[in-house]
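Okay, thanks everyone, let's get going. I'll put the structure up and then walk you through the strands, the helices and the charged pairs.

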Amino acid sequence: MVLNGPNLNLLGVRQPQIYGYDTLDDIGKRMATRAKTHKLVIDLRQSNIEGELVTWIQEARTTCAGIIINPAAYTHTSVAILDALLTCEFPVIELHLSNPHKREEFRHRSFTSLVAKGIIAGFGPHGYILALDAMAEMLNATAGPPAKRKVPTK
Ligand code: DQA
């Protein structure tokens with residue numbers, strides 16, 4: 001599941017000098033194509049509502065293999081999203097289009113990082129593809145020794 005927090009529905013028009021010109025729909029299409037090469041299926045969602053994101057994380061617990069999440073502003077504020085992610089036993093990747101550490105100090109703190117296996121930040125829309133590749137690699141690695149893996153590792 002690929003979750004996106006508040007204001008990311010405005011990607012493409014929202015501060016494009018920071019977040020790029022691609023819409024979330026553009027990103028979703030590119031991810032879906034890439035996912036096929038990994039034999040994965042993505043379910044990309046966006047919400048401006050914290051509780052809805054919590055509900056989707058709870059749903060993912062039983063239906064998905066992992067979560068890639070850009071919690072947007074909730075990264076820096078949401079204990080509820082952290083708590084929901086803490087209930088998940090699969091890999092969680094935190095993702096940001098911008099590099100929050102290059103920005104205002106309030107963006108330097110991330111609750112999500114406490115549970116994320118890894119973080120991808122600062123690569124703009126391409127970060128979503130990087131996150132997907134990293135997720136595929138992690139899922140493959142947890143599948144066991146190379147002989148049991150679905151996708152060969154180089
Ligand atoms: C963001 C960074 C956050 O600080 C900000 O609130 C966002 C987007 C990013 O993708 O760079 O909305 O998560």
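Before I use the word, let me say what pairing is here: two strands pair if DSSP finds at least two bridges between them. And keep in mind that this is a predicted model.

So, strand 4 to start. Strand 4 covers residues 92-96, and five of its five residues are buried. Which way do the side chains go? Val-92, Glu-94 and His-96 point one way, Ile-93 and Leu-95 the other way, and all are buried. That fits the general pattern: in a regular strand the side chains alternate between the two faces of the sheet.

Now the neighbours. On one pairing, strand 4 goes with strand 5, residues 118-121, in the parallel sense over four bridges. Within that pair, His-96 sits opposite Ala-121 of strand 5. Strand 4 also pairs with strand 3, residues 67-70, again in the parallel sense, over three bridges. If you want to find that pairing on the screen, look for Ile-67, which stands opposite Val-92, and then for Ile-69, whose bridge partner in strand 4 is Glu-94.

What sits between strands 3 and 4 in the β-α-β unit? That's helix 4, residues 79-86, and the unit is right-handed.

Staying with strand 3 for a second: Ile-67 and Ile-69 point one way from it, Ile-68 and Asn-70 point the other way, and all of them are buried. Strand 3 has a parallel partner in strand 1 too, residues 2-4, with three bridges between them. There, Asn-4 has Asn-70 as its bridge partner.

Okay, helices. Helix 2 has 14 residues, and from first C-alpha to last it reaches 20 Å, close to the 20 Å you'd expect at 1.5 Å a residue. Which of its residues are buried? Leu-24, Ile-27, Gly-28, Met-31 and Ala-35 are. These residues cover an arc of only 100° around the axis, so they end up on the same side of helix 2. Turned away from that buried side you have a face with the exposed residues Asp-25, Lys-29, Thr-33, Lys-36 and Thr-37.

And what covers the buried residues? The cover includes strand 1, strand 2 (44-46), strand 3 and helix 5 (126-142). One little thing after the end of helix 2: Lys-39 follows it, and its phi is positive, near 60°.

Helix 3, residues 50-63, gives a similar kind of check: at 1.5 Å a residue its 14 residues should span 20 Å, and the end C-alpha atoms are 20 Å apart, which agrees. The buried residues in helix 3 are Leu-53, Val-54, Trp-56, Ile-57 and Ala-60. They cover an arc of only 165° around the axis, and that puts them on the same side of helix 3. On the other side, Thr-62 and Thr-63 are exposed. Among the elements covering the buried residues of helix 3 are strand 1, strand 2, strand 3 and helix 4.

Last topic, the charges. Side chains of opposite charge can pair when their charged atoms come close. How many salt bridges does the structure hold? Seven.

Let me go through some of them. Lys-29 and Asp-25 meet in a salt bridge at 3.2 Å, N to O. Both lie in helix 2, four residues apart, about one turn of the helix. Lys-29 counts as exposed because its relative accessibility is 53%, and exposed here is over 50%.

Then there's Asp-22 with Arg-30, where the closest N and O atoms are 2.7 Å apart. Buried or exposed? Neither, really: Asp-22 has a relative accessible area of 22%, so it is partly exposed, and Arg-30 counts as partly exposed too, at 37%.

Glu-104 and Arg-107 also make a salt bridge, at 2.7 Å, N to O. Glu-104 is partly exposed, at 36% relative accessibility. Arg-107 has 18%, so it counts as buried, the cut-off for that being under 20%. Elsewhere, salt bridges that share partners join Asp-43, Arg-45 and Glu-59 into one network.

That's my tour, so over to you for questions.

Key
Residues numbered from 1 in each chain as written. Predicted model: local features only at pLDDT ≥ 70, side-chain atom pairs only at ≥ 80, totals over all residues. Heavy atoms only, no water. Buried < 20%, exposed > 50% of the residue type's maximum accessible area, 1.4 Å probe, protein only. Helix = DSSP H or I, 4+ residues; strand = E, 2+ residues; numbered from the N terminus. Right-handed = clockwise from strand over helix to strand, strands pointing away. Salt bridge = Lys/Arg side-chain N within 4 Å of Asp/Glu carboxyl O. Expected span 1.5 Å × (residues − 1). Arc of directions from axis to C-beta. Contact = heavy atoms within 4.5 Å.
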